[in-house]
Amino acid sequence: MTKLAVIGLGAMGRRMACVLATAGHHVSAWNRTPLEDGALDAAGVRQDDDLASAISGAAVIISMLRDDVASRAVWIEGAGLDQLSPGSLLIECATVSPAWIAELAAAADARGLTLLEAPVLGSRPQVEAGALIFLLGGEGGDIERAGPLFEALGAARHHCGPLGHASAMKLAANSLFALQVAALGELLGYLRGQGFDEARAVELLSALPVTSPVAKAAAAGIEARAFAPLFPIELVVKDLTCLATAASDLGIGLPLAGAVGGVYRAALEAGRGEENITAVAAAYL
């Protein structure tokens with residue numbers, strides 16, 4: 001059993017805290033805004049009123065904050081790193097930019113801390129089932145040190161390489177997903193225009209080898225109008241914007257991702273930001 005802290009109690013963070021506490025770890029937690037959640041109490045997670053109390057004595061700290069800005073606000077501007085004990089392991093699990101990982105790593109190293117990046121693939125059902133997929137960046141020994149946590153939360157883990165590589169891969173993976181869902185929404189709209197029954201169009205596309213497993217699931221979600229948030233459009237826009245910035249910093253153009261980013265921004269502006277990624281298809285319904 002490990003004394004650990006979970007910082008950031010959004011849809012994913014609070015579920016991760018509950019799973020870890022249920023697995024027998026001593027979990028303290030903190031959110032930037034006060035949060036009342038009976039599930040945390042029931043699982044035995046201790047909620048603290050301030051960051052210092054939450055991370056006090058924690059050997060491992062999981063950061064599940066929204067983005068670069070939120071992470072920087074807590075760990076650098078809020079002096080969170082200065083409150084960690086030397087030798088502590090900070091695991092950044094959010095989808096953030098490789099540039100922020102490099103900045104955070106340098107700041108952590110200067111304070112005698114260790115950083116590991118571990119962004120996750122999966123949403124609320126996967127974290128509750130302990131079936132997340134972790135993309136890992138950092139040293140192998142640090143990954144092994146955090147092994148029991150990954151085993152409690154995840155079904156698979158992939159070491160991408162040094163720090164920064166996992167964040168780069170996560171942005172690529174999320175963007176590839178977004179490209180497929182937007183394409184499905186558009187093409188189902190075209191098939192409806194050709195007179196296809198939507199259910200039959202989804203059935204046929206799903207039977208073809210060109211349709212990936214995740215695209216099949218998205219097509220079924222579009223047909224069912226299952227727009228309850230798992231991967232909200234506002235976060236899709238955040239990730240595609242982050243990808244565009246990272247690519248621009250490298251002098252790399254991403255015209256397809258850029259065009260799809262515009263499609264999701266239009267959905268966001270249409271008031272669908274809190275709905276699931278599949279709601280991008282609403283523009284063609």
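Which helix gives the largest share of the lining of the largest pocket? Keep that in mind while we look around this predicted model.

Let's start with helix H5, which runs over residues 98-110. With 13 residues at 1.5 Å a residue, H5 should span 18 Å, and its end C-alpha atoms sit 19 Å apart, which agrees. Trp100, Ile101, Leu104, Ala105, Ala107 and Ala108 of H5 are buried. Look down the axis of H5 and these buried residues fall within an arc of 170 degrees, so they line one face of the helix. An α-helix has 3.6 residues a turn, so residues three or four places apart point the same way. Over on the other side of H5, you'll find Ala99, Asp109 and Ala110 exposed. The cover over the buried residues of H5 includes helices H4 and H9, along with strands E5 and E6. Just after H5 comes Gly112, with a positive phi of about 75 degrees.

Now for the pockets. The largest has a volume of about 1300 Å³. Its lining counts 47 residues, and the closest to the centre are Gly122, Ser123, Leu230, Phe231 and Pro232. As for the opening question, the helix is H9, with seven residues of that lining. By class, the lining of the largest pocket is made of 25 nonpolar, 14 polar and eight charged residues.

The second largest pocket has a volume of about 340 Å³. Among its 20 lining residues, Ser97, Pro98, Leu171, Cys242 and Ala246 lie nearest the centre. H5 turns up again here, since H4, H5, H9 and H12 each supply at least two residues of this lining. The largest share, eight residues, comes from H12.

Key
Residues are numbered from 1 along each chain as its sequence is written. This is a predicted model: local features need pLDDT of at least 70, side-chain atom pairs count only at pLDDT 80 or more; totals for chains, interfaces and linings use all residues. Side-chain values use heavy atoms; hydrogens and water are left out. Helices (H or I, at least four residues) and strands (E, at least two) are DSSP runs, numbered from the N terminus. The expected span of a helix is 1.5 Å times one less than its number of residues. Buried means under 20% relative accessible area, exposed over 50%, partly exposed in between (1.4 Å probe, protein chains only). The arc is that of the directions from the helix axis to the C-beta atoms. Contact means heavy atoms within 4.5 Å. On a 1 Å grid over the protein atoms alone, a cavity is a set of points where a 1.4 Å probe fits but cannot get out, and a pocket is an open set with protein on both sides within 12 Å along at least five of seven lines; lining residues have an atom within 4 Å of a point. Grid points are joined across faces, edges and corners, and a volume is the space filled by probe spheres set on the points. Ala, Val, Leu, Ile, Met, Phe, Trp, Tyr, Cys and Pro count as nonpolar, Asp, Glu, Lys and Arg as charged, and the others, Gly among them, as polar.
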